[in-house]
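Take a moment with the chain before reading on. Turn it around and follow it from one end to the other.

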Amino acid sequence: MIARLLLAVLAVAAVPLAVHGAAGPSTAAPQAKRTCQVETETGSRLGGVRRCRSAAEREALKQETRRVVDRIQSFKATMCAPPRPAC
């Protein structure tokens, strides 16, 4: 009888540990609020793709896109073919 009681107590104590983990509540930072937008591809009649990002992720993507555009535009003058000599 005592063995069953002891087993029941251990089972009741083990269930919350198995569900929540032995370390207790997590101290990780809470997730930033994410918003979703549907992005359509230019020239496509198909539906768009749903992208969910936080404000920080959107800002990082915007800055990276700006850097790429600036880099492409800075090389634009050097990528032109040399002028043809007059015949």
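**A walk through the model**

R51 is partly exposed, with a relative accessible area of 37%. We will come back to R51 several times. Before that, a word of caution: this is a predicted model.

How far can the prediction be trusted? The mean pLDDT of the protein is 76. Of its residues, 52% reach 70 or more. The confidence also varies from element to element. Helix 1, residues 2-20, has the lowest mean pLDDT among the elements, at 59. Strand 2 has the highest, at 94. Where pLDDT is low, the predicted coordinates should not be read in detail. Keep that in mind when looking at helix 1, given its mean of 59.

Now the overall layout. The protein has two helices and two strands. Read from the N terminus, the order is α-β-β-α. Strand 1 covers residues 34-39. Strand 2 covers residues 49-54. Helix 2 spans residues 55-75.

How much of the protein is buried? Buried residues make up 1% of its 87 residues. The accessible surface comes to about 8,600 Å². Carbon and sulfur atoms account for 63% of that surface.

S54 is a buried residue. Its relative accessibility is 7%, and buried means under 20%, so S54 falls well inside the buried class. S54 lies in strand 2. Which residues does S54 touch, apart from its neighbours within four places in sequence? Its contacts are A32, K33 and R34.

Next, look at what joins the two strands. A search of the whole structure finds one disulfide. This disulfide joins C36 to C52, with an S to S distance of 1.9 Å. The pair links distant parts of the chain: C36 sits in strand 1, C52 in strand 2, and 16 residues separate them. A disulfide is a covalent bond between the sulfur atoms of two cysteines. The link of C36 and C52 is right-handed, with 100° about the S-S bond. Is this pair buried or partly exposed? C36 is partly exposed, at 36% relative accessible area. C52 is partly exposed too, at 30%.

Q37 also belongs to strand 1. Leaving aside neighbours within four places in sequence, Q37 is in contact with V49, R50 and R51. Here R51 returns. The C-alpha atoms of Q37 and R51 are separated by 5.5 Å, although the two residues are 14 apart along the chain. Q37 has 44% relative accessibility, so Q37 counts as partly exposed.

Charged side chains come next. Side chains of opposite charge can pair when their charged atoms come close. How many salt bridges does the structure hold? There are five. Three of them are described here, starting with the one that involves R51.

E39 forms a salt bridge with R51, and their closest N and O atoms are 3.3 Å apart. E39 lies in strand 1 and R51 in strand 2, so the pair ties together parts that are 12 residues apart in sequence. E39 is partly exposed, with a relative accessible area of 31%. The pairing does not stand alone. E39, R51 and R53 are linked in a network of salt bridges.

R34 pairs with E57. Their closest N and O atoms are 3.2 Å apart in this salt bridge. Which parts does the pair tie together? R34 lies in strand 1 and E57 in helix 2, so the bridge connects parts that are 23 residues apart in sequence. R34 is partly exposed at 44% relative accessibility. E57 is partly exposed at 35%. R34 has already appeared above, as one of the contacts of S54.

The third example stays inside one element. E64 forms a salt bridge with R67, with the closest N and O atoms 2.9 Å apart. Why can these two meet within helix 2? They are three residues apart there, which means a separation of about one helical turn. E64 is partly exposed, with a relative accessible area of 36%. R67 is partly exposed as well, at 47%.

Now go back to the picture and trace the links again. Find the disulfide between C36 in strand 1 and C52 in strand 2. Then find E39 and R51, the salt bridge that ties strand 1 to strand 2. Finish with R34 and E57, the pair that ties strand 1 to helix 2.

Key: Residues numbered from 1 in each chain as written. Predicted model: local features only at pLDDT ≥ 70, side-chain atom pairs only at ≥ 80, totals over all residues. Heavy atoms only, no water. Helix = DSSP H or I, 4+ residues; strand = E, 2+ residues; numbered from the N terminus. Buried < 20%, exposed > 50% of the residue type's maximum accessible area, 1.4 Å probe, protein only. Contact = heavy atoms within 4.5 Å. Salt bridge = Lys/Arg side-chain N within 4 Å of Asp/Glu carboxyl O. Disulfide = S-S within 2.5 Å. Areas by Shrake-Rupley, 256 points an atom, 1.4 Å probe, with all protein chains shown as cover. pLDDT = per-residue confidence, 0-100.
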